[in-house]
Amino acid sequence: MRTIWFLSWCAIAVPAAGAEILPDQPNAMAFPAEKARFVRIVVHQSSTSQPCIDELEIYGADGERNLALATGGAKASASSCLPGYAIHRIEHLNDGKYGNGQSWIAAGTTAEWAQIELPATRWRISLPRRSTSATGRRRPTTFT
Ligand SMILES: [Ca+2]
């Protein structure tokens with residue numbers, strides 16, 4: 001059986017009206033659990049100039065593991081990237097490092113987006129069978 005992920009676009013989280021987004025805080029937004037393959041944040045406005053994000057982190061219900069990390073197979077993409085600055089890259093959105101030198105800055109100032117494609121769910125099946133002359137005869141050799 002294979003899990004199929006559907007992509008649907010809907011606003012599932014927005015900052016509360018009047019909420020202050022602090023530059024030195026995680027600025028987490030919680031929302032009801034959704035099955036998704038892509039998570040995108042659209043920045044309509046930033047405090048000054050182009051928006052900058054150190055990390056776009058995504059946590060599951062357990063809140064323990066950042067599912068967006070590139071080391072876990074997630075892929076970052078964005079609407080644009082500020083040209084001419086090697087320290088500001090799209091792949092910095094999910095490299096697990098904080099700070100200006102490991103951040104993404106959009107090229108524009110409005111309607112810019114950053115996105116994480118979560119890795120496909122992988123399954124591992126194991127069919128243990130000790131391989132001795134007495135028990136190894138009935139091991140499955142062809143199956144679906
Ligand atoms: Ca980063």
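This is a short walk through the strands, the core and a few loop residues of one protein chain.

Hi everyone, thanks for coming. Two housekeeping points before the structure itself. What we have is a predicted model, where local features need pLDDT of at least 70, side-chain atom pairs count only at pLDDT 80 or more, and totals for chains, interfaces and linings use all residues. Residues are numbered from 1 along each chain as its sequence is written.

Let's start with the overall layout. The protein chain has zero helices and five strands, so defined because helices (H or I, at least four residues) and strands (E, at least two) are DSSP runs, numbered from the N terminus. Read from the N terminus, the elements go β-β-β-β-β. The chain has 144 residues, of which 13% count as buried. By that I mean 20 or more other C-beta atoms within 10 Å of the residue's own; exposed is 12 or fewer, partly exposed is in between, and C-beta atoms are placed from the backbone. As for contacts, two residues qualify if their C-beta atoms, placed from the backbone, lie within 7 Å. Among the contacts with a separation of 6 or more, 61% come from residues 24 or more positions apart.

Now, the sheet. Which strands build it, and in what order? It is an open sheet of three strands, β1-β5-β3, with antiparallel pairing. Pairing here takes at least two bridges found by DSSP between two strands. β1 (38–43) and β3 (75–78) stand at the edges with a single partner strand each, so one side of each has no neighbour in the sheet. On average, neighbouring strands of this sheet are turned by 15° against each other, direction ignored; the axes are lines fitted to C-alpha atoms, for helices over the stretch in contact, and angles run from 0 to 180 degrees between N-to-C directions.

Here are the two pairings. β1 meets β5 (residues 112–117) in the antiparallel sense over six bridges. Along that pairing, V39 stands opposite I116 in β5, and R40 stands opposite Q115. β3 and β5 also pair in the antiparallel sense, over four bridges. There, A78 has A114 in β5 as its bridge partner, and S77 stands opposite Q115.

What about the side chains? In a regular strand they alternate between the two faces of the sheet. In β5, E112, A114 and I116 point to one face and are buried, while W113, Q115 and E117 point to the other and are not. β3 alternates too: A76 and A78 point to one face and are buried, whereas K75 and S77 point to the other and are not.

That brings us to the core. Which residues make up the largest nonpolar core? It has 12 residues in all: I53, L56, A68, A76, A78, C81, L93, W104, I105, A106, A114 and I116. A nonpolar core is a set of buried Ala, Val, Leu, Ile, Met, Phe, Trp, Tyr and Cys residues joined through C-beta atoms within 7 Å. β3, β4 and β5 each supply at least two residues of this core.

One core member to look at is L56, in the loop between β2 and β3. L56 is buried, with 20 other C-beta atoms within 10 Å. Not counting residues up to four places away in sequence, L56 touches I41, A68, L93, N94, A114 and I116. L56 and N94 are 38 residues apart in sequence, yet 6.1 Å apart in space, C-alpha to C-alpha.

Next, a loop residue between β4 and β5, A107. A107 is partly exposed, with 14 other C-beta atoms within 10 Å. Leaving aside neighbours within four places in sequence, A107 is in contact with Q50, S80, C81, L82 and P83. The C-alpha atoms of A107 and Q50 are separated by 6.5 Å, though the two residues are 57 apart along the chain. Q50 also turns up with I105, which, with the same neighbours left aside, contacts Q50, C52, L82 and H88.

Last stop, the backbone angles. Most residues other than glycine have a negative phi. S49, not a glycine, has a positive phi of about 50°, and lies in the loop between β1 and β2 (52–53). A111 has a positive phi near 55°, and is found in the loop between β4 (104–105) and β5. Are these two buried or exposed? S49 is exposed, with 11 other C-beta atoms within 10 Å, and A111 counts as exposed with 11 C-beta neighbours inside 10 Å.

That's my tour, thanks for listening!
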